[in-house]
Amino acid sequence: MRPRLLTRRQALRDAGRMAAASALALSLPPWLPRPRGAAALAPSAQVTLKAAVARIVPASGPGDWSAADVGADNYILNLLSNPGHPAQIYAGGPYRSRFRRFQVLSRIKRIGWSREVKRLQGVYSDGLAQLDRLAGGNFATVPAPVQDAILTELDDTGSGFFSALYNHTLEGVYSHPAYGGNKDYRAWQAFGYAGDVLGVRFPNIGPADAPWNVYGGYAPEEMIQPGPSTQEAVSPS
Amino acid sequence: MRGSAQDPFDVVIVGSGAGGGIAAYVLTKAGANVCVLEKGPDLGPENYGDDELRFGDRNFIEEDPLIEPRTFRNTRDDGEHLYVGRVLGISRCVGGGTVHYGAVSFRLRPEDFRAKTYWGSLPDAEIVDWPFGYDELRPYYGKVERMIGVAGGQLSGAAHPGAPVPAAEWRTDSYPMPGHPPNYGAKLFEDAATKLGMHPYPTPVAINNLGRDGRPGCSYCGFCSSHGCPIEAKNDTRVTALRKARATGRLDLRPDSYVYRVVVGRDGRAERVEYIDSAGRHQSVAGKAIVLSCSTVDTPRLVLLSELSPSLVNLDVVGRHLMVHHYPGGIGIFSDRIDYYRGFWSMRCLDDMYLGPRSGVPAFGYGNIQTVGPSSGYAFGAGGMISTAKFAGWGAAHKQAMAREFGHVQWITMVGQDPPVPSNMVDLDPTVTDAYGFPVSRVTYLHHPNDYAVAAAVAPRLAAILTAMGADSTEFVLPFAATTSIPQQGPGGLTQRGPGRAAPDAIGGLVNHQMGTMRMGDDPDTSVVDSDQRFHGIPNLYAIDGSVFPTSGGYNPTLTIEALAWRAAERLAAAQKV
């Protein structure tokens with residue numbers, strides 16, 4: 001535990017710098033997908049997937065990030081991996097430092113999720129092939145307006161593949177980085193979201209043994225004083 | 001089939017939530033040997049975490065539609081069903097619904113126990129008085145508040161001078177813990193409502209305020225409702241009632257045990273239950289008395305799966321009168337940050353409209369108004385990042401919508417009382433089965449026209465509060481029923497709600513409150529269980545959960561389920577001599 005010398009607000013201001021240092025210290029970027037068994041999708045389908053998620057949440061301009069830039073396609077590949085024993089369904093706990101130790105599914109959960117992952121593999125294989133077909137061969141290489149028109153057509157016609165792509169892309173962008181997307185917490189930072197603050201300790205407001213000083217979270221003064229504290233989202237746990 | 005040293009147990013309880021957990025506590029304390037069968041796993045902090053995806057989108061603790069889906073339709077005219085998925089979710093783990101809950105812990109008011117006397121009748125509804133009044137349940141409310149720990153809330157007399165629904169003068173004991181501080185949205189709500197002449201107060205919650213009972217206080221991390229608490233500051237029945245029950249040495253808690261049949265012997269007494277254990281093996285356990293605490297949706301399902309004789313159980317009433325509350329709500333959109341995701345589900349509330357306008361129409365169906373959010377999986381305004389995003393569309397407009405909405409909204413809602421309508425019900429779906437191979441619960445629910453009338457009456461009040469809070473604009477959130485994935489059609493086009501374009505299809509079932517279906521009453525012709533929550537025709541079979549509510553009241557139901565459970569367990573112990 002760090003010394004309780006600074007005020008919590010000062011710590012928040014410094015947290016961004018600390019986070020940058022912390023990120024450099026990590027040898028293996030945690031958002032990289034961990035390959036498990038056979039690839040969930042063929043390499044060409046993975047290229048199409050990356051191009052598609054980039055249109056669900058596109059960059060708003062140069063220097064901005066898209067869903068592909070923050071790894072939403074990695075998130076989907078993780079979900080689709082290991083259909084016999086889905087291994088990246090539920091992160092560990094209780095704090096973010098343990099999220100990457102995924103939980104072993106119970107027998108009945110494994111039955112349900114195994115069935116679902118197999119189903120989704122089919123949905124994505126067929127759907128991504130359909131995107132390439134509609135693009136005249138390769139969805140990834142046609143211009144963005146054409147890609148958007150193809151996706152709009154699927155959306156308007158109630159495509160089950162589009163529904164999965166939409167929901168999973170947003171899950172990948174905005175879920176905790178342990179699941180493979182939201183690289184560097186960039187999606188949370190972009191909208192001023194502090195994310196999981198439990199387990200993230202800062203010097204105290206109030207007594208040292210107050211729950212928010214022991215466990216992380218928000219002190220009453222912070223609940224009632226809103227405002228972005230984006231540094232918290234990238235602070236070390 | 002596995003036997004055990006205690007088999008038959010004094011009491012076998014199916015379910016470990018608000019009803020089963022409290023019953024297990026009371027019965028083990030009274031000296032009974034109790035076996036609790038819970039179909040979900042026994043989870044703890046090492047399984048939890050501030051993780052919206054796990055709890056919201058992937059149903060880690062909720063009823064997982066990949067295992068046990070439920071089906072939904074508005075009326076019989078819709079055919080078999082309109083939707084298969086997550087409907088009226090409730091946690092599937094040790095502690096049951098008290099694990100996901102926002103821990104809002106109200107007592108019902110005296111008027112709620114005599115709903116027919118107070119409100120009168122409505123067409124197509126069967127509003128009734130409860131078989132007993134508030135005074136009967138009052139001591140049990142107090143016992144539960146002290147045992148699990150409630151912080152808050154409504155106090156008597158002086159706290160609310162001159163209010164239209166003033167004081168909880170019927171409360172005679174104070175809360176074990178003081179109310180929590182508000183978050184920013186709740187503070188705005190408190191100030192605005194006071195300015196408008198209303199009487200806000202801290203929502204009573206079963207969440208520790210600083211430490212209590214060997215567990216810490218809340219640290220306001222925000223991931224509370226729909227989550228298990230990683231620091232055990234939220235008082236579910238796992239960390240309270242069941243932990244104390246286990247300490248007696250008389251509790252045999254069996255998680256991952258899916259009960260599919262109650263066996264009644266030739267003598268008309270319940271003998272045992274049959275279940276599938278964590279390894280998929282069929283097992284059986286016998287009890288001198290058997291308690292069904294499976295929830296409002298699953299208790300009638302288990303009764304129907306058991307194919308009990310109509311000479312023993314009033315099957316004409318089983319499953320009927322399902323109530324889910326209706327939730328007329330308002331969302332304020334603010335140019336400033338609100339950051340409603342700090343704190344917990346409901347931090348301030350008021351009762352000024354609870355007892356209705358006293359004259360004119362509508363004449364039924366009001367409730368407590370509270371600030372809400374966040375809860376993973378809920379729609380924008382009360383959800384987290386992912387659920388906000390799923391309502392923000394795709395393409396170039398997505399990030400603009402996120403910037404406008406995330407952190408800039410506050411949702412307030414009324415927990416409106418929906419009337420008990422016999423055609424709103426739970427039965428077995430004729431075609432859909434779960435991962436164990438058994439027919440799933442089918443929910444048939446259509447809002448009563450009165451719900452829409454109440455919504456129309458409440459909407460301007462909600463908008464006035466939000467405007468006084470400083471909202472730039474307000475939106476009325478229309479009543480929603482068993483699932484958000486089903487558009488709810490209302491008279492006059494008032495209520496179009498549904499997935500819309502590209503909205504999430506796995507997010508259905510946002511409503512968790514569920515009451516009715518095993519109606520409690522004195523008349524065996526119009527109810528399923530008697531006022532001791534014992535089946536009219538089976539002398540050692542009990543229903544101890546929210547299913548026995550004759551009417552829903554206008555408050556979150558958990559504390560009342562728990563108070564009823566305490567009372568029923570005491571009566572069971574006396575009647576069954578365990």
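**Exercise 1. What pLDDT does chain A average?**

Solution. This is a predicted model, and chain A averages a pLDDT of 83, with 78% of the residues scoring at least 70. As a next step, look at the two stretches with low values. Over residues 1-37 of chain A the pLDDT stays under 50, and the model gives this stretch 48 contacts beyond four places in sequence. Over residues 230-237 of chain A the pLDDT is likewise below 50, and there the model has 34 contacts beyond near neighbours in sequence.

**Exercise 2. Describe the make-up of chain A, going from its elements to its contacts.**

Solution. Begin by counting the elements: chain A has ten helices and zero strands, which, read along the sequence, give the pattern α-α-α-α-α-α-α-α-α-α. Then turn to burial, where buried residues account for 48% of the 237 residues in chain A. Finally, take the contacts in chain A between residues at least 6 apart in sequence; of these, 68% join residues at least 24 apart.

**Exercise 3. Work out whether the length of helix 12 of chain B agrees or disagrees with what its residue count leads you to expect, and then describe its surroundings.**

Solution. Helix 12 of chain B covers residues 558-576, which is 19 residues. The expected span is 1.5 Å times one less than the number of residues, so helix 12 of chain B should span 27 Å. Its end C-alpha atoms are 26 Å apart, which agrees with that expectation. As for the surroundings, helix 12 of chain B is mostly covered, since 14 of its 19 residues are buried. The helix is followed by Lys577(B), whose phi is positive, near 55°.

**Exercise 4. In what order do the four strands of the open sheet in chain B lie, and which strands stand at its edges?**

Solution. The order of the four strands in chain B is 4-3-15-14, and their pairing is mixed. Strand 4 (83-85) and strand 14 (425-433) of chain B each have a single partner strand, so they stand at the edges, and one side of each is left without a neighbour in the sheet. Neighbouring strands of this sheet are turned by 35° against each other on average, direction ignored.

Next, consider one pair within the sheet. Strands pair through backbone hydrogen bonds, either parallel or antiparallel. Strand 3 (residues 70-73) and strand 15 (residues 439-444) of chain B pair in the parallel sense, over three bridges, and the bridge partner of Phe72(B) in strand 15 of chain B is Val443(B).

Last, add the helix: helix 8 (residues 298-305) of chain B lies across strand 14 and strand 15 of chain B, running at about 60° to strand 14.

Definitions and conventions: Residues are numbered from 1 along each chain as its sequence is written. Chains are lettered from A and ligands numbered from 1 in the order in which they are written. This is a predicted model: local features need pLDDT of at least 70, side-chain atom pairs count only at pLDDT 80 or more; totals for chains, interfaces and linings use all residues. Helices (H or I, at least four residues) and strands (E, at least two) are DSSP runs, numbered from the N terminus. A residue is buried if 20 or more other C-beta atoms lie within 10 Å of its own, exposed if 12 or fewer, and partly exposed in between; C-beta atoms are placed from the backbone. Two strands pair if DSSP finds at least two bridges between them. Axes are lines fitted to C-alpha atoms, for helices over the stretch in contact, and angles run from 0 to 180 degrees between N-to-C directions. Two residues are in contact if their C-beta atoms, placed from the backbone, lie within 7 Å. pLDDT is the predictor's confidence in each residue, from 0 to 100.
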